[in-house]
Amino acid sequence: MYAKNIWLDADAAKKEKIHEFGEAYKSFLSYGKTERLVVEEAIEMAEKAGFKPLSEFKELKKGDKVYVTNKGKNFLAAVIGEKSLEEGSRILGAHIDSPRLDIKQNPLYEKGGFAYFETHYYGGIKKYQYTTIPLALHGVVYKKDGTCIKISIGEDPNDPVLGITDLLIHLSAAQMEKPLAKAIEGENLDLTVGNIPQDGEGKHAVKHAVMKLLQDKYGFEEEDFLSSELVAVPAGPARDYGLDASMIAGYGHDDRVCAFTSFQAVLDQGQCEYTTIAVLVDKEEVGSIGATGAQSAWFENVIAEMLALEGKDSNLAVRHAMSNAKMLSSDVSGAVDPLYSSVNEPHNSCYFGKGIVFNKYTGARGKSGCNDAMPEFLAFVRNAMDSNNIHYQTSEIGKVDAGGGGTIAYILGNYNMYVLDAGVPVLSMHSPMEIVSKADVYETYLAYKAFLKA
Ligand code: MN
Ligand code: MN
């Protein structure tokens with residue numbers, strides 16, 4: 001069903017399902033504040049659904065349910081189909097990293113009686129949005145002996161939170177004259193972490209007190225920051241949004257909402273004709289590079305591994321499997337915000353409540369950097385949607401000259417597979433409080449399921 005309002009079509013039973021699914025997603029999002037935490041959740045959900053680590057299999061046959069992780073930051077779940085993986089597959093690929101503030105390697109310093117952590121922002125943020133909001137600290141600290149200390153501070157209501165101060169309005173005359181991009185400096189996004197001096201009033205008394213606290217409570221020393229990965233993210237759980245609770249407000253919908261719906265679709269759809277795969281990658285917000293990004297050899301390696309377990313241990317089989325695959329690049333789209341609608345061209349934009357969004361292409365200016373999906377694949381996907389009464393819409397990122405963006409679609413497209421961008425419309429994208437419609441979230445899940453069996 002093209003561009004029709006879901007709420008108007010939904011009967012009472014469907015509305016109930018929409019809200020139920022929203023509850024499950026909220027709890028997933030509330031815990032999954034980092035890619036590592038999402039992978040932890042995914043393992044638990046997969047195990048509960050009867051999936052087993054790929055390494056435990058000696059051979060693969062239809063109906064087998066497998067999962068694989070990579071360096072704690074990637075996750076893949078698959079249900080083996082009736083046909084060989086070489087003949088094709090149905091892939092849903094989403095990213096599980098979101099914009100945030102990374103803690104620098106030498107973070108801790110003291111100034112004017114306060115202890116601070118230096119940060120370096122990750123991904124595209126409007127810097128001013130990160131001041132004066134409660135932030136939580138998550139991540140890992142690796143000691144030289146290989147011990148991993150997990151850190152999570154600020155989510156429990158009894159935990160303290162961290163934050164970034166901003167100048168009081170009364171003295172902001174000069175700051176208020178600056179353009180938005182310059183009003184808050186990246187180097188000023190430092191987290192306040194303490195104010196009690198230790199043992200007198202030395203130059204580093206507050207810093208020393210914070211370090212002692214970290215040592216006593218978490219068991220690491222200042223130098224261990226060198227091998228840490230700590231991030232500051234908006235604190236607190238995802239919440240219902242709107243008086244009618246029709247939406248969800250939360251940090252990290254981009255792209256955990258597509259990760260959740262994609263992964264859940266593979267868990268629930270069961271065995272299909274083709275092998276169904278949900279793959280969750282890292283680093284999309286900074287270019288999909290590195291060992292855990294979509295450009296990593298990891299995904300291809302897993303495909304090679306799976307083919308070998310089917311008895312097809314050849315380079316050629318891998319190439320066939322990759323180019324016969326069909327994929328939805330599961331990523332969010334910027335929905336029209338009626339308060340800022342001048343950046344959209346209304347005929348080719350997406351709206352809340354109208355279902356999953358297909359972006360034939362993303363990119364910037366003259367479609368620069370885009371994966372331009374093939375029309376025959378769009379026809380294939382439309383047919384899958386309409387055969388299952390799925391609400392869907394199509395969109396561009398915005399007006400031709402308004403800006404642009406990208407997803408992981410082109411990376412898998414480079415393997416010669418059919419790829420189309422498909423995901424949930426989002427408002428206030430990349431802000432500490434992104435918004436999605438519960439109806440779109442549920443419909444996207446249904447859409448992914450329909451694609452998997454197409
Ligand atoms: Mn995204
Ligand atoms: Mn993004």
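Tutor: Before we start, a definition: buried means under 20% relative accessible area, exposed means over 50%, and partly exposed lies in between. Keep in mind that this is a predicted model.

Student: OK. Is Leu167 buried, exposed or partly exposed?

Tutor: Leu167 has a relative accessible area of 44%, so Leu167 counts as partly exposed. Leu167 sits in the loop between β8 (148-153) and α4 (173-176).

Student: Which residues form a nonpolar patch on the surface with Leu167?

Tutor: Leu168 and Leu171. Together the three leucines have about 290 Å² of accessible area.

Student: Switching to the metals. What coordinates the manganese ion (ligand 2)?

Tutor: Asp254 through OD, Glu285 through OE, listed twice, and His430 through NE2, at 2.1 to 2.6 Å. The sequence spacing of these donor residues is D-x30-E-x144-H.

Student: And where are Glu285 and His430 in the chain?

Tutor: In distant parts, 145 residues apart. Glu285 is in the loop between β13 (275-281) and α8 (298-309), and His430 is in the loop between β21 (425-427) and β22 (434-437).

Student: Are those two buried or exposed?

Tutor: Glu285 is buried, at 15% relative accessible area, and His430 is buried as well, at 19%.

Student: What does Asp254 bridge?

Tutor: Asp254 bridges the manganese ion (ligand 2) and the manganese ion (ligand 1), which are 3.5 Å apart.

Student: Last topic. How many cavities of 30 Å³ or more are there?

Tutor: Four, in a search of the whole structure. The largest holds about 70 Å³ of space.

Student: What lines the largest one?

Tutor: Its lining residues include Val279, Val281, Trp298, Phe299 and Met327. The elements giving two or more residues to that lining are β13 and α8.

Key
Residues are numbered from 1 along each chain as its sequence is written. Chains are lettered from A and ligands numbered from 1 in the order in which they are written. This is a predicted model: local features need pLDDT of at least 70, side-chain atom pairs count only at pLDDT 80 or more; totals for chains, interfaces and linings use all residues. Side-chain values use heavy atoms; hydrogens and water are left out. Patches are made of residues with over 30% relative accessible area and no salt bridge: like charges are joined within 9 Å, nonpolar side chains (Val, Leu, Ile, Met, Phe, Trp, Tyr) within 5 Å. Accessible areas come from the Shrake-Rupley method with a 1.4 Å probe; for residues, only the protein chains shown count as cover. A salt bridge is a side-chain nitrogen of Lys or Arg within 4 Å of a carboxyl oxygen of Asp or Glu. Helices (H or I, at least four residues) and strands (E, at least two) are DSSP runs, numbered from the N terminus. Buried means under 20% relative accessible area, exposed over 50%, partly exposed in between (1.4 Å probe, protein chains only). Donors are N, O and S atoms within 2.8 Å of the metal (3.2 Å for Na, K and Ca); water is not among the atoms, so sites may look incomplete. On a 1 Å grid over the protein atoms alone, a cavity is a set of points where a 1.4 Å probe fits but cannot get out, and a pocket is an open set with protein on both sides within 12 Å along at least five of seven lines; lining residues have an atom within 4 Å of a point. Grid points are joined across faces, edges and corners, and a volume is the space filled by probe spheres set on the points.
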